[in-house]
Amino acid sequence: MRLSRIIMALTAGLAVVLAPTAAGAAQPQPAPDYPPQPPALTANPTTVVVGQPTVLIGTGFGPNEIVDIVVSVAPLAASVPGQAPARRSDGSTVAMAAVAFPQPAPRHFTAHTNAAGRFTRTYRPTEVGQLTFTATGRESGRTASVTITVLPKKKPGGGNQLPVTGDSMGTPLKVGGGLVGAGAVLMLGSLVWRRRNRFGMGSPR
């Protein structure tokens, strides 16, 4: 009888000791505290022609916030790879004119991030130059920027050399004038030859 009471007491004491341990093991552990992802802004592609869209991708901003994007434009360098200037008939060059659009692309617009602080935005540039996009989160204050290159459109037909009206016509006109002059000389020579032949055949022997 005493032995059974001792066993029951030991069992009850062991249950009391193990209860907090089991409760602690069942409790969820707090997630590790990772540092926030730094903000970043990328563009795809980074080199386009006027009117071709590029996709802006922002990451590391605040969740579900509005991001302000400001566009600044700088002129292209004097020589851009793959773009030849217009060339006159005398060998001189002239600058290419920028393409004008009825509705220019905005210099300021907004984007909305998702729960992970990410956004995508399509932009279609309407002017030539180096375009820098700067994105700033309204609530988080996080900012990032990216720069793209916008080139002028190529001449229809695939050629990069742009003809200049007026100067390029000088050489064909000169050649045409020379041909007309040569034809006039040949015609006069023919008339003189015919006249001499006719008078020579009619003269008495």
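How many bridges pair β4 with β9, and in which sense? β4 and β9 pair over eight bridges, in the antiparallel sense. Two strands count as paired if DSSP finds at least two bridges between them.

## The model

This is a predicted model, in which local features need pLDDT of at least 70 and side-chain atom pairs count only at pLDDT 80 or more, while totals for chains, interfaces and linings use all residues. Residues are numbered from 1 along each chain as its sequence is written, and side-chain values use heavy atoms, with hydrogens and water left out.

## The chain as a whole

The chain has two helices and 10 strands. Helices (H or I, at least four residues) and strands (E, at least two) are DSSP runs, numbered from the N terminus. Read from the N terminus, the order is α-β-β-β-β-β-β-β-β-β-β-α.

Of the 205 residues, 21% count as buried. Buried means under 20% relative accessible area, exposed means over 50%, and partly exposed lies in between (1.4 Å probe, protein chains only). The accessible surface comes to about 14600 Å², and 63% of it belongs to carbon and sulfur atoms. These areas come from the Shrake-Rupley method with a 1.4 Å probe; for residues, only the protein chains shown count as cover. Contact means heavy atoms within 4.5 Å. Among contacts with a separation of 6 or more, 67% join residues 24 or more positions apart.

## The five-stranded sheet

One open sheet holds five strands in the order β2-β10-β9-β4-β7, with mixed pairing. β2 (47-49) and β7 are its edge strands, and each pairs on one side only. Neighbouring strands are turned by 30 degrees against each other on average, direction ignored. For such angles, axes are lines fitted to C-alpha atoms, for helices over the stretch in contact, and angles run from 0 to 180 degrees between N-to-C directions.

Follow the pairings across. β4 and β7 run antiparallel and are joined by five bridges. Here Val 70 stands opposite His 108 in β7. On the pairing of β4 with β9, Ala 74 stands opposite Gln 130 in β9. β9 and β10 also run antiparallel, with eight bridges. Thr 132 faces Thr 147 of β10 there, as its opposite residue. The hairpin of β9 and β10 has five residues between the strands, and Gly 141 in this hairpin takes a positive phi near 75 degrees.

## The three-stranded sheet

A second topic is the open sheet β1-β3-β8, which has three strands and antiparallel pairing. β1 (40-44) and β8 (119-123) stand at the edges with a single partner strand each, so one side of each is left without a neighbour in the sheet. From one strand to the next, the twist averages 20 degrees.

Five bridges pair β3 (residues 54-59) with β8 in the antiparallel sense. Thr 54 has Tyr 123 of β8 as its bridge partner.

## Core and rings

The largest nonpolar core has 21 residues, and Leu 41, Ile 69, Phe 119 and Phe 133 touch the most other members. Such a core is a set of buried Ala, Val, Leu, Ile, Met, Phe, Trp, Tyr and Cys residues joined through side-chain atoms within 4.5 Å. At least two residues each come from β1, β4 (66-74), β7 (108-112), β8, β9 and β10 (143-151). β10 gives the largest share, four residues. Beyond its neighbours within four places in sequence, Ile 69 contacts several residues, including Phe 109, Phe 119 and Phe 133.

Three aromatic pairs are found in the whole structure. Rings of Phe, Tyr and Trp (its six-membered ring) pair if their centres lie within 6.5 Å; planes under 30 degrees apart are stacked, over 60 edge-to-face, and the rest tilted. Tyr 123 and Phe 133 pair edge-to-face, at 5.0 Å centre to centre and 80 degrees between the planes. Tyr 123 lies in β8 and Phe 133 in β9 (residues 129-137), so the pair ties together parts 10 residues apart in sequence. Both rings are buried residues: Tyr 123 at 4% relative accessibility, Phe 133 at 0% relative accessible area. Ring pairs link Phe 109, Tyr 123 and Phe 133 into a cluster.

## Loop details

Asn 44 and Pro 45 are joined by a cis peptide bond, with omega about 0 degrees. Pro 45 sits in the loop between β1 and β2.

Asn 64 is in the loop between β3 and β4. Its phi is near 50 degrees, a positive value in a residue other than glycine. Asn 64 counts as exposed, at 56% relative accessibility.
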